[in-house]
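Please look through the model below. The text after it takes up a ligand and its surroundings, and then a single residue.

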Amino acid sequence: MGSSVLKKQQIRFKQLDLPHSIYKFGGSSLANARGFRKAARIISQQLKPNDLVVVSASGNTTDWLIACCEQNNEQFDFLQKIRYHHRAIINDCFIADQRQKLLDTLEQHLNWIERHLAYSNQGSFKNDIIAFGELWSALILSYLLEHIGVPASWIDARRCLKVLNINEQISIDFEQSKKYLEEHLKSRQQRITVVTGYIASDGDNKTCLLGRNGSDYSATLLANLTTAKEVKIWTDVAGIYNFDPNLSSQAKPIEKLNLSLTKTLALLGSPVLHQKTLEPICNSKIQLSIGSTFSPDLPGSKICINDGFNANSVVTHRNGLIEFCFTLKSDIDLHRLNKQLIIQQNLNNEFSLLLKHGQRSLRLLVEENNVKQWQQTIQAIAQSTAENQSTSTFIFEQKRVSTLALARECSSNYEYHRHFFKTFIRERKLDAQLLDLEHACVAILPQPEIDDLAIQCFDAWTQYTETIAVFLLGIGNVGATWLKQVESRQGHSFQVVLKSNSKTLFLLDSQQSFDTIDNSSEQLVELIRNAPFKNKVVIDATASSSITQSYSRFFELGIHLISANKEAASSKQELLDSLHACAQDHHCWWLQNATVGAGLPINYAINDLLSCGDSVTSIRGVFSGTLSWLLQTYDGTRALSELIQEAKALGYAEPDPRVDLSGHDVLRKLMILIRLTGQQIDQSDVTITPLLDASLFELSEADFWQQKEDFDRDFNRRWQKAKNEGRRLVYQAEYSLDKGASCGLVEVSESDPLAQISPCDNVFVIQTSWYQDNPLIIRGPGAGREVTAAAVQSDLNHIVSRINAVSQK
Ligand SMILES: Nc1ncnc2c1ncn2[C@@H]1O[C@H](COP(=O)(O)OP(=O)(O)O)[C@@H](O)[C@H]1O
Ligand SMILES: N[C@@H](CC(=O)OP(=O)(O)O)C(=O)O
């Protein structure tokens with residue numbers, strides 16, 4: 001079918017009043033009179049004249065019609081079932097003449113079926129018999145619409161959906177279908193048309209079926225042919241859920257899902273949407289959605305054809321399958337076999353999955369009902385390719401199985417899914433074959449029915465995704481120590497799911513490392529975004545400014561943040577304000593207790609005072625644990641440079657110790673505290689004097705160390721002078737409302753609280769309205785891996801309890 005034909009037809013169609021929407025009501029929606037009434041109400045409220053409605057056979061009618069065609073003595077019981085089922089609907093929906101007319105028509109049709117069932121060659125009428133299911137639904141619904149005042153008519157799709165039928169292999173004849181459809185559209189005169197789904201006809205007007213559940217396909221095909229803007233599939237559940245909602249009340253509908261997840265679900269045999277249904281809309285702008293006939297106000301699911309990835313996952317299973325194993329005596333034509341698989345999958349909406357194949361063996365999963373047909377197909381393929389037909393005999397085994405799968409929307413970030421799924425199977429000691437598909441982990445289990453196991457899997461997955469997931473960025477001093485602390489305790493209500501250094505990301509669970517990914521890249525954010533956890537917390541234990549560039553993305557994605565990294569908190573006021581606003585807008589918490597005073601509760605103390613109505617008038621203190629250690633340890637016996645190296649080795653100093661020596665680290669902490677008191681400040685507002693001569697900080701690190709003799713000598717002189725005067729050298733940070741902010745090396749008396757500290761201590765002297773004459777003093781270790789890691793943990797504890805409080809609401 002040339003695409004030029006399609007285009008030409010579309011231009012012609014534009015002159016007609018084309019349908020905007022096509023609604024499809026499935027058998028589960030139309031299973032009873034209530035369902036028909038609900039459908040009619042939705043149509044009357046939402047559709048416009050010229051729109052189309054596609055219907056399936058009511059409830060199990062198609063199954064019953066197929067059963068009627070089986071050669072056994074239950075044929076007429078099934079016919080009776082069909083009779084009572086439809087009579088009940090007609091009697092409930094209509095009165096008087098309309099009722100009688102429909103009952104008469106039904107009876108005529110049933111008589112026709114009965115007569116044809118008696119024929120010896122009834123096989124040739126099988127499709128005509130099965131087609132009645134859709135016909136009755138169209139008839140009843142169009143009458144019902146008229147009955148409630150909606151102008152409507154119905155059409156047998158065999159008059160407008162034309163197929164090419166070559167050796168029972170059916171393909172859509174777009175040209176003919178458009179021609180007949182156009183004729184119909186011209187004549188419908190502002191009425192809603194109800195079209196029978198699932199059925200079509202070939203060039204000889206013989207009835208052809210579009211495969212089980214094929215009415216969805218009829219709807220998307222009609223949308224393609226008429227360039228409709230939307231297709232909505234109405235069923236008995238409100239969209240595609242993360243698990244079969246009829247099996248668990250905990251299953252949640254997915255509002256938006258992309259085509260790859262939808263296709264994966266179809267491949268795994270989920271009944272909601274079939275592969276073929278998606279074909280006519282794949283490269284179009286047609287909006288496909290799914291909603292519930294019984295709760296039409298619920299949002300339902302939208303299939304986003306061109307949309308990116310979300311982090312949706314679905315637990316899906318399929319009972320009643322047969323695993324086929326063939327060992328052939330000659331090579332099989334795999335190309336032909338694959339083609340046949342696609343044909344049977346696509347045209348008949350049959351489930352089948354080729355598990356494994358060699359030249360002379362293959363394993364295949366198929367539906368229980370189709371075993372015979374597959375056996376014949378494979379035998380035929382094997383025989384046609386064997387050089388000597390007698391050698392093509394094969395040994396064939398079959399096993400009843402079910403499949404359980406965890407499908408995911410994105411193809412990256414599958415480790416979490418895989419880890420969960422493997423653990424789930426392993427812990428239950430299930431005898432399963434595991435299969436890794438691009439978008440799903442699949443287990444083939446030797447049981448014919450696994451509903452209970454699927455429910456357990458869904459519950460376990462829900463629990464797994466609801467744990468609070470922690471992503472640790474930076475496994476240097478603080479990060480690695482925090483991790484050790486976490487590992488040494490048990491019973492956490494969070495789970496560390498990723499750790500990273502500047503080059504590599506590790507998923508902790510599986511001990512797998514990813515390819516080298518730069519931390520600053522959008523890839524890291526994507527990885528965290530797509531991780532399948534409901535509550536996510538990032539710990540930034542890096543000293544990297546590039547990570548801070550991702551902060552706003554984290555907040556936009558609803559991810560909470562703990563910063564031990566001071567970069568963002570001490571950045572430009574304007575930037576900081578926008579980050580806080582972003583966190584607030586997205587209901588995210590951003591805690592930074594570890595940025596100042598290591599584990600000392602300085603942030604919490606100030607926040608508490610402010611929240612009680614106090615106000616801070618001044619803060620003064622020693623904020624650098626490193627400088628505190630250096631200045632308290634220095635006694636003139638060892639050179640300053642030697643002590644600097646030792647501080648680095650002990651993990652007190654920043655990776656480049658000059659960040660400490662320049663006073664820059666103190667400046668950042670001072671800014672963070674001032675901002676915490678509610679004041680605005682930028683770097684240019686702070687007077688800063690480095691510990692050593694300012695020119696030393698303009699050198700490269702190597703050149704800096706070349707100057708050590710000079711700076712060791714200068715420092716010793718200054719220290720000696722203070723000592724001689726009975727004073728102590730401290731690196732002080734100071735801020736007051738009237739004098740502003742500064743930091744630098746000062747001499748203080750022995751009785752000053754800033755002098756009364758041990759090496760490594762920080763001290764904060766805080767004056768507030770209420771602590772004016774006798775200031776509040778917080779003193780204790782202000783550097784060191786353990787205490788800083790504890791500060792991170794303290795923030796995490798706060799976030800965890802807030803998340804838990806919110807989820808209990
Ligand atoms: N993940 C899922 N989301 C929604 N429905 C599902 C899911 N898995 C299985 N189902 C089942 O699919 C059914 C809808 O498909 P189907 O019976 O073919 O509908 P219809 O008859 O309307 O075409 C639901 O009733 C539900 O039990
Ligand atoms: N009635 C047909 C076609 C169909 O699409 O049905 P449903 O919409 O109920 O899945 C079948 O049962 O296969």
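**Ligand 1 and threonine 465**

Around ligand 1 there are 17 residues, and the closest of them are Ser28, Thr235, Asp236, Asp244 and Asn246. The model is a predicted one, and the distances and areas that follow are computed from it. By type, the shell around ligand 1 is made up of 7 nonpolar, 7 polar and 3 charged residues.

Some polar contacts to ligand 1 can be followed atom by atom. Serine 28, one of the closest residues, has an N or O atom in its side chain 2.7 Å from an oxygen atom of ligand 1. Lysine 24 also takes part through its side chain: a polar atom there lies 3.2 Å from an oxygen atom of the ligand. With tyrosine 241 the backbone is involved, as one of its polar backbone atoms is 2.9 Å from a nitrogen atom of ligand 1. How much of the accessible area of ligand 1 does the protein cover? On its own, ligand 1 has 560 Å² of accessible area, and the protein covers 85% of this.

Now turn to threonine 465, which is in helix α14, a helix made of residues 451-466. Is threonine 465 buried or exposed? Its relative accessibility is 12%, and the limit for buried is under 20%, so threonine 465 counts as buried.

The side chain of threonine 465 has a polar atom 2.9 Å from the backbone oxygen of threonine 462. Leaving aside residues up to four places away in sequence, threonine 465 touches Pro532, Phe533 and Lys534.

Notes: Residues are numbered from 1 along each chain as its sequence is written. Chains are lettered from A and ligands numbered from 1 in the order in which they are written. This is a predicted model: local features need pLDDT of at least 70, side-chain atom pairs count only at pLDDT 80 or more; totals for chains, interfaces and linings use all residues. Side-chain values use heavy atoms; hydrogens and water are left out. Helices (H or I, at least four residues) and strands (E, at least two) are DSSP runs, numbered from the N terminus. Buried means under 20% relative accessible area, exposed over 50%, partly exposed in between (1.4 Å probe, protein chains only). A polar contact is a pair of N or O atoms within 3.5 Å; within protein, one must be able to donate a hydrogen and the other to accept it, and residues adjacent in sequence count only if both atoms are side-chain atoms. Contact means heavy atoms within 4.5 Å. A residue is near a molecule or strand if one of its heavy atoms lies within 4 Å of it. Accessible areas come from the Shrake-Rupley method with a 1.4 Å probe; for residues, only the protein chains shown count as cover. Ala, Val, Leu, Ile, Met, Phe, Trp, Tyr, Cys and Pro count as nonpolar, Asp, Glu, Lys and Arg as charged, and the others, Gly among them, as polar.
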